[in-house]
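Please open the model in your viewer and keep the selection panel at hand, since each stop below begins with something to select.

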Amino acid sequence: MSNQSTPTGSATTLVIVVHPELEKSRINKRLTAELERRGKVTVHRLYETYPDEKIDVAREQALLSAHDRVVLQFPLFWYSSPSLLKKWIDEVFELGYAHGKGGDKLKGKELLIALSSGGAQSMYQAGGFHNYSYSELLRPFQQTANLVGMIYQPPFIVSQIREVTDEQLEKYATDYAVYVEG
Ligand SMILES: Cc1cc2nc3c(=O)[nH]c(=O)nc-3n(C[C@H](O)[C@H](O)[C@H](O)COP(=O)(O)O)c2cc1C
């Protein structure tokens, strides 16, 4: 399968899927497949596009510029994203493109995080096992959006993935596609 599927028509949503083992995954694989099946958004599989992790910054910036909404979809790894997404932001949101003089290319675009998490929602609160809420843990993404002038949207979260039944996963996939397609 190609690492990027682009719809024909006027869709303007770019979904960047960041999972180091997407084919072996359950949740992110299903969510991604649903988006690709419906064909209304551009799906960009980052680890498969860059197996050597050498990011083509100009290509990524062109992709971003061609879309109005950006979805970053990933499994929660150590309260953050898989490392390639951090590298992608470090390199793609560069001075003169995303911030600084002339760096207004992302301004006004929406940013939406979609994540899966092994822990239960109830663990992600003060006094819970993980102590902090998803919103608190996602602050670096939120503030990055603020800095580059993007509009941060409420995240889409699949928690406690081991308890998600096949039936529930189908509902998540549909709800996710509807939310992402906006
Ligand atoms: C390296 C690593 C770190 C992880 N860290 C967290 C974490 O901080 N919090 C959490 O809830 N789950 C954590 N998990 C569980 C993953 O989030 C979970 O396996 C993933 O969301 C499952 O999605 P998938 O079926 O698409 O692979 C971690 C998993 C791995 C492999």
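The tour goes from the whole chain to the ligand and the residues around it.

Begin with the full chain in cartoon view, bearing in mind that this is a predicted model. Along its principal axes the C-alpha trace spans about 45 × 40 × 30 Å. The chain has 182 residues, for which a compact globule would have a radius of gyration near 16 Å, and the 16 Å of this chain therefore agrees with that expectation.

Next, colour the chain by secondary structure, which brings out seven helices and seven strands. If you trace these elements from the N terminus on, you will pass them in the order β-β-α-β-α-α-β-α-β-α-α-β-β-α.

Now select the ligand, whose space is the largest pocket. Extend the selection to the residues around the ligand, which number 16, and look for the closest, namely His19, Asn28, Leu76, Ser116 and Tyr124. Colouring this shell by residue class shows eight nonpolar, seven polar and one charged residues.

Which backbone and side-chain atoms should you then label beside the oxygen atoms of the ligand? Start at Arg26, where a polar backbone atom is 2.9 Å from an oxygen atom of the ligand. Move on to Leu76, which also offers a polar backbone atom, here 2.7 Å from a ligand oxygen. Finish with Tyr124, this time displaying the side chain, since a polar atom there lies 2.7 Å from an oxygen atom of the ligand.

As a last step, display the surface of the ligand: on its own the ligand has 640 Å² of accessible area, and the protein covers 73% of this.

Notes: Residues numbered from 1 in each chain as written. Predicted model: local features only at pLDDT ≥ 70, side-chain atom pairs only at ≥ 80, totals over all residues. Heavy atoms only, no water. Near = heavy atom within 4 Å. Polar contact = N/O pair within 3.5 Å; in protein donor to acceptor, adjacent residues only side chain to side chain. Areas by Shrake-Rupley, 256 points an atom, 1.4 Å probe, with all protein chains shown as cover. 1 Å grid on protein atoms, 1.4 Å probe; cavity = no way out; pocket = protein on both sides within 12 Å on 5 of 7 lines; lining within 4 Å. Sits in = over half its atoms within 2 Å of the grid points. Nonpolar A, V, L, I, M, F, W, Y, C, P; charged D, E, K, R; others polar. Helix = DSSP H or I, 4+ residues; strand = E, 2+ residues; numbered from the N terminus. Rg over C-alpha atoms; globule rule 2.2 N^0.38 Å.
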